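Morning, everyone. I have one structure to go through today, so let me put it on the screen.

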Amino acid sequence: MKNIIVLSLIVIVSLPLSSCTSKKPAETVEKPKNIILLIGDGMGVTQVYAGLTANRGSLNLEKCNHVGFSKTYSASDYITDSGAGGTALSTGVKTYNGAIGVNKDTISQKTILEYAEDYGLATGLISTSAITHATPASFIAHQASRNNYEAIAADFLNTDIDVFIGGGKNHFDAREDGRMLTDELKAKGYRVYFNLDSVTGGNNEKLCILTAAEHNPPQPERGDMLSKATVMALQKLSDNKKGFFIMIEGSQIDWGGHANHTEYITSEMIDFDKAIGKALDFAEKDGNTLVIITADHETGGMAITGGNFKEGRVEAGYVTTNHSGVMVPVFSYGPGAENFTGIFENTDIFNNMMKELGFDK
Ligand code: MG
Ligand code: ZN
């Protein structure tokens, strides 16, 4: 009884206190030094919940205490593709479907990764598809079409990206123009590897790790490539005292959606969530890292029609083998996360990241 009385007193006392501190605390909020942006390609709320159910009732991303929704339409279409979706997130500009780091007049737009480089931060990209595929490409390349894979690979040479990990070796080394881009990367000071397990030391050198000729295989064949790459990259990038920006993509949630294949979606979702867990662990220890987890669009018009947490069983229906127009979730964690709540344009994710890192356009 005593305890209950004490508690109610606290409530009474705290009410007038909170009502007189109603001014916005915005100016006192701390800024992050690092940003980890994780993109689940094709990851709508349904894909998240399907993964959560298949994982028997929980996901690492539930640690995020801030949630918002992003409007994904592009400049050309109500339903975006990953080129326009990625470019909106990377440059803050809505463009036409198929564009990579260019606006609707095909003029190059500076990406958040390029701003980070200019401000002295370390930078990274990781993907479970080819590193030249639309999502990672839109953070580093500037091409009128997402299909210009060899030109996209060559654009990596125009930057000083510190670490990139993904498939797409053929776009670097089996090219129509005969250039061997991995040799050019070595000449620029990169260590080049074709297998995550063969990577050794070399603290001051940049890393290029091309883990597949084209795309990486789906789960379970790919194993823990994404989590391993995430840990490796974060360890390397955190050496930079000024901070870092990295984009990490779970690419194949989208491909499971296109295939209307529920197990493909849930296994890729759980794999992506493992990498999210590694990112959140890093952020929790570091204290200066903002983690943002979102999607470029939803794929499949997926709906959950039945399931069982104990069995990890998910039943789902689909209304399309393509992307849908629905808003996608934005989960965030760490300093600045409170600015990623509500309903906003996908381009505002870029604008907010710029603000959080203190970058001027
Ligand atoms: Mg993608
Ligand atoms: Zn797709």
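Start at R56, just after helix α2, where the backbone takes a positive phi of about 65°. Keep in mind that this is a predicted model.

Now the helix itself. α2 runs over residues 45-54, and eight of its 10 residues are buried. Among the buried ones are T46, Q47, V48 and L52. What do the buried residues of α2 pack against? On the helix side, they meet α10 and α11. On the strand side, they meet β9, β10, β11 and β13.

Helix α11 brings us to the nonpolar core. The largest such core has 48 residues, and α11, residues 262-286, gives the largest share of this core, 10 residues. I36, L38, M43, I246, F272, V291 and I293 have the most contacts inside it. Take V291: leaving aside neighbours within four places in sequence, its contacts include I36, L38, L280 and F331. Apart from that core lies another, of 45 residues, with I100, F172, F344 and L357 among them. As a general point, nonpolar side chains tend to be buried together in soluble globular proteins.

Last, the metal. Which residues are the protein donors of the magnesium ion, ligand 1? They are D41, T135 and E249, at 2.0 to 2.2 Å from the ion. D41 sits in the loop between β1 and α2, while E249 is in strand β7, 208 residues apart. Why call D41 buried? Because its relative accessible area is 3%, and the cut-off for buried is under 20%. E249 counts as buried too, because its value is 0%.

Key: Residues numbered from 1 in each chain as written. Chains lettered and ligands numbered in written order. Predicted model: local features only at pLDDT ≥ 70, side-chain atom pairs only at ≥ 80, totals over all residues. Heavy atoms only, no water. Core = buried A, V, L, I, M, F, W, Y, C linked by side-chain atoms within 4.5 Å. Buried < 20%, exposed > 50% of the residue type's maximum accessible area, 1.4 Å probe, protein only. Helix = DSSP H or I, 4+ residues; strand = E, 2+ residues; numbered from the N terminus. Contact = heavy atoms within 4.5 Å. Donors = N, O, S within 2.8 Å, 3.2 Å for Na, K, Ca; no water.
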